[in-house]
Amino acid sequence: MSNLEALIFDVDGTLADTERDGHRVAFNLAFQEAGLDWDWSAELYGELLAVTGGKERIRYYLEKYNTEFKKPGNFGDFVAGLHAAKTSFYTKLMSEGAIPLRPGVEKLINEARDAGMRLAIATTTTPENVTALLTYTLGADSIDWFEVIGAGDIVPAKKPAPDIYHFVMEKMNLTPEQCMAFEDSYNGIRSSVQSRLTTIVTTNGYTAEDDFSGAAIVLDQMGEPDAPFTVQSGDAHGHTYVNLEMVRHLHRAAHG
Ligand code: XBP
Ligand code: MG
């Protein structure tokens, strides 16, 4: 049996509900600024989430939903430029406090820190976005609470590939048996499960119907003492919100 040493968090959808009112809005602002008439509705964006990574998502949109668009010769630069503008709109939105952390996230992080648990992040989003979200929710110091922040293009293959989790565990010199992952989406759990990580899933509006095969438990949120989670599948062992005791319980159940 391995001891639980670290918690590894996904960001978008897990720490905060950033997609619909954060990333999507920032993409649309970048399109507008560039003089493009593209407008990603909340519904269309749900379909575009099939592909992780903002640059990859723009390409996917043009391949599947806007095939009429005449791509400029320097297409790679064009996409990168649009995406850089999107990142700057996104970080500005965060600085205005547009998106709070999801219920129970801050409580669990604080409890884990007090217990000396090691913390890390494994996300496909751009590093600046992680810094902005943490800074404007938990405070600038919180960036240092995470021993490794694995983000964006640091690995060539984004989720659902397992690469980002491998990267984080290698940097921390930990095995999957020593960690617990937190995810919210199909692409996320494919990535963590392929990395052999036990995974707690908290769903959101975009991911509630996703296939979460391989999850240790699927919840609608982490929950708080006065606002319990709803279990969508799995055994919460009598807990009503995610705390370290519950995380350890699920870890033991998975690893014996
Ligand atoms: C979610 C993603 C990201 C964001 C957009 O990442 O797929 O691509 O939607 O961010 P995760 P960028 O759930 O792994 O945190 O535009 O910076 O890629
Ligand atoms: Mg996610």
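Here are three short exercises on how the two domains of this predicted model meet.

**Exercise 1. Lay out the domains**

Find where each domain runs in the chain, and state how far apart their centres lie.

*Solution.* Start with the assignment: domain 1 is made of 6-18 + 101-255, while domain 2 covers 19-95. Next, take the C-alpha centres of domain 1 and domain 2, which are 25 Å apart.

**Exercise 2. Size up the interface**

Work out how many residues of each domain are in contact, how much area is buried, and which residues of domain 1 lose the most.

*Solution.* Begin with the contacts: 16 residues of domain 1 touch 23 residues of domain 2. Then turn to area, where the two domains bury about 1,500 Å² between them, with 52% of it on carbon and sulfur atoms. Finally, look at the side of domain 1: Thr18, Asn129 and Tyr206 lose the most area to domain 2, and together they account for 43% of what that side buries.

**Exercise 3. Look at the chemistry**

Count the salt bridges and polar contacts between the domains, then describe the side that domain 1 contributes.

*Solution.* First, the salt bridges: there are two across the interface of domain 1 and domain 2. Asp153 pairs with Lys55 in a salt bridge, and their closest N and O atoms are 2.9 Å apart, which is inside the 4 Å cut-off. Second, eight residue pairs are in polar contact between the domains, both residues being at pLDDT 80 or more. Third, helix α6 (residues 127-137) gives the largest share of the domain 1 side, five residues. Last, sort that side by class: four residues are nonpolar, six polar and six charged.

Definitions and conventions:
Residues are numbered from 1 along each chain as its sequence is written. Chains are lettered from A and ligands numbered from 1 in the order in which they are written. This is a predicted model: local features need pLDDT of at least 70, side-chain atom pairs count only at pLDDT 80 or more; totals for chains, interfaces and linings use all residues. Side-chain values use heavy atoms; hydrogens and water are left out. Domain bounds come from an automatic or database domain assignment. Contact means heavy atoms within 4.5 Å. Buried area is the accessible area (1.4 Å probe) that two parts lose on being put together, summed over both. A salt bridge is a side-chain nitrogen of Lys or Arg within 4 Å of a carboxyl oxygen of Asp or Glu. A polar contact is a pair of N or O atoms within 3.5 Å; within protein, one must be able to donate a hydrogen and the other to accept it, and residues adjacent in sequence count only if both atoms are side-chain atoms. Helices (H or I, at least four residues) and strands (E, at least two) are DSSP runs, numbered from the N terminus. Ala, Val, Leu, Ile, Met, Phe, Trp, Tyr, Cys and Pro count as nonpolar, Asp, Glu, Lys and Arg as charged, and the others, Gly among them, as polar.
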